Amino acid sequence: MHSSDTTHLTRPGRAALSGLVGNTPLLRVGEPFAHEGRGFWAKLEGFNPGGIKDRPGLHMVERARARRELKAGARIIESTSGTLGLGLALAGMVYGHPVTLVTDPGLEMSMTRLLTAYGAQVNVVSEPHPTGGWQQARRDRVARLMLQHPDSWCPDQYNNPDNTAAYTPLALELATELGHIDVLVCSVGTGGHSAGVSRVLQQLYPELKLVGVDTIGSTIFGQPARPRLMRGLGSSIYPRNVAYDNFTEVHWVAPAEAVWACRRLAASHYATGGWSVGAVALVAGWLARSLPADARIAAIFPDGPQRYLGTVYDDDYCAAHGLLDSPPAQEPEVIGRLDEKEVTRWTRCTAVVDPLALVQDDVTGEKPESIDAEGDR
């Protein structure tokens with residue numbers, strides 16, 4: 001073999017790298033999450049090189065380049081809690097862009113090292129924003145860095161419609177694999193994958209119910225912002241990519257409940273993941289126990305367990321944060337309105353509206369549109 005041929009084989013091109021993303025496995029999850037003969041289908045997005053956000057990382061960069069918003073060789077600057085950073089590092093490698101990722105002290109050291117190994121610059125903010133928390137502090141740092149780098153581009157994952165559109169292939173994979181879907185369970189952070197997947201699947205299956213999974217202490221669905229232990233879901237701001245009208249209901253999950261689910265998944269099904277995976281599995285398991293036996297439930301697992309070995313799967317860490325005390329309740333607490341009270345444990349609400357509509361309701365006295373228990377608007 002000529003040396004040039006060897007170089008070609010050891011340095012994959014754009015198509016080879018981007019071809020690693022997508023067509024992830026589907027796993028049937030049953031006991032102990034559901035009774036014998038029941039269960040749900042888990043889409044294992046952790047089998048992408050960096051997790052589910054490889055999809056929007058590549059797609060947002062590709063579309064920005066096509067519109068000439070992102071010039072050849074220009075720097076990409078974005079805020080991330082980790083997973084999108086991996087996707088953008090991949091996109092930077094595929095399309096030839098330097099990447100700066102703004103994060104906070106909560107990012108695991110292993111993730112910082114991995115992002116750096118992939119060629120990204122990691123910029124860490126030191127203090128949270130007084131009202132917007134770490135997320136707003138990171139976004140403010142992104143704005144300052146962009147002023148320092150002419151022609152730089154920010155994907156703005158929280159509001160970029162390309163973030164949502166990136167998940168059309170994921171929706172089509174699910175439809176092809178399952179044939180029919182009655183319920184889709186998604187964690188919610190930027191709102192991208194829940195909006196993108198549900199938009200396609202609700203066109204294919206008009207009766208499909210979308211169940212959102214958030215963390216306690218997150219403002220996305222109208223709860224007050226609090227310091228949050230779980231990363232990868234939840235927000236201290238209101239991402240405009242969240243498709244509130246698509247949701248039938250939302251569940252909030254506490255860290256200890258997610259840890260229990262992650263560890264039970266690992267012990268029973270081998271395939272597991274981080275905070276979002278545990279929270280989604282907890283809710284999807286309850287749905288599998290509660291809905292008719294023939295209901296076809298699909299749940300999206302955004303990542304794998306590797307980055308959580310020092311948190312979710314570390315006994316000392318979990319003990320220090322009181323996360324190993326007891327298993328979660330068999331079913332969620334129920335509230336009638338998103339802001340009825342501050343939730344501190346697994347809780348469910350079937351009246352989902354944009355929380356900004358709740359603010360308007362408080363000002364005008366008008367009752368915002370909601371969704372009843374059967375999911376009818």
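**Figure 1. Helix H10 on the strands of the eight-stranded sheet in the predicted model.** Helix H10 spans residues 255-269. H10 lies across E1, strand E8 (247-253) and E9. H10 runs at about 100° to E1. The sheet beneath this view is open and built from 8 strands. Their order is E1-E2-E9-E6-E7-E8-E11-E10, and the pairing is mixed. E1 and strand E10 (333-335) form the edges, each pairing on one side only. On average, neighbouring strands of this sheet are turned by 25° against each other, direction ignored.

**Figure 2. Strand E9 and its two partners, E2 and E6.** Strands of a sheet pair through backbone hydrogen bonds, either parallel or antiparallel. E2 pairs with E9 in the parallel sense, over 4 bridges. Tryptophan 41 stands opposite alanine 298 of E9. Leucine 44 has phenylalanine 301 of E9 as its bridge partner. E6 also runs parallel to E9, joined by 3 bridges. On that side, leucine 184 has alanine 298 as its bridge partner in E9. Alanine 298 thus appears opposite tryptophan 41 and as the partner of leucine 184.

**Figure 3. Burial along E9.** E9 is mostly covered, with 5 of its 5 residues buried. In a regular strand the side chains alternate between the two faces of the sheet. Ile297, Ala299 and Phe301 point one way from E9. Ala298 and Ile300 point the other way. Residues on both sides are buried.

**Figure 4. Helix H8 across the sheet.** H8 lies across E1, E2, E6 and E9. H8 runs at about 140° to E2. Helix H8 covers residues 168-178, and its buried residues are Leu170, Ala171, Glu173, Leu174, Ala175 and Leu178. An α-helix has 3.6 residues a turn, so residues three or four places apart point the same way. The buried residues of H8 pack against strand E1 (26-29), strand E2 (40-44), strand E6 (183-187) and strand E9 (297-301). They also pack against helix H3 (54-66) and H9. Just after H8, glycine 179 takes a positive phi of about 80°.

**Figure 5. The three-stranded sheet and helix H6.** This open sheet has 3 strands in the order E3-E4-E5, with parallel pairing. Its edge strands are E3 (76-79) and E5 (121-124), and each pairs on one side only. Neighbouring strands of this sheet are turned by 20° against each other on average, direction ignored. Strand E4 (residues 99-103) pairs with E5 over 4 bridges, in the parallel sense. Threonine 103 has valine 124 of E5 as its bridge partner. Helix H6 (residues 133-148) packs on this sheet and touches E3, E4 and E5. The direction of H6 makes about 165° with that of E3.

**Figure 6. The largest pocket.** About 850 Å³ of space lies in the largest pocket. Its lining has 47 residues, and those closest to its centre are Ser81, Arg228, Met230, Arg231 and Gly232. Helix H4 (83-95), H6, helix H9 (192-204) and helix H11 (275-290) each supply at least two residues of the lining. H6 gives the most, with 4 residues. By class, the lining has 16 nonpolar, 23 polar and 8 charged residues.

**Figure 7. The second largest pocket.** The second largest pocket has a volume of about 410 Å³. Of its 20 lining residues, Gly46, Asp303, Gly304, Pro305 and Gln306 lie nearest its centre. H4 and helix H5 (109-117) are the elements that give two or more residues to this lining. The largest share, 3 residues, comes from H5. The lining divides into 9 nonpolar, 9 polar and 2 charged residues.

**Figure 8. The cavity.** Rolling a probe the size of a water molecule over the atoms shows where empty space is left. The structure holds 1 cavity of 30 Å³ or more. The volume of the largest cavity is about 40 Å³. Its lining consists of Arg28, Arg38, Gly39, Leu287, Ala288, Leu291, Pro292, Ala293, Ala295 and Ile297. By class, 7 of these residues are nonpolar, 1 is polar and 2 are charged. Ile297, part of this lining, is also one of the buried residues of E9.

Terms used:
Residues numbered from 1 in each chain as written. Predicted model: local features only at pLDDT ≥ 70, side-chain atom pairs only at ≥ 80, totals over all residues. Heavy atoms only, no water. Pairing = 2+ DSSP bridges. Axes fitted to C-alpha atoms, helices over the stretch in contact; angles between N-to-C directions. Contact = heavy atoms within 4.5 Å. 1 Å grid on protein atoms, 1.4 Å probe; cavity = no way out; pocket = protein on both sides within 12 Å on 5 of 7 lines; lining within 4 Å. Points joined across faces, edges and corners; volume = space filled by probe spheres on them. Nonpolar A, V, L, I, M, F, W, Y, C, P; charged D, E, K, R; others polar. Buried < 20%, exposed > 50% of the residue type's maximum accessible area, 1.4 Å probe, protein only.
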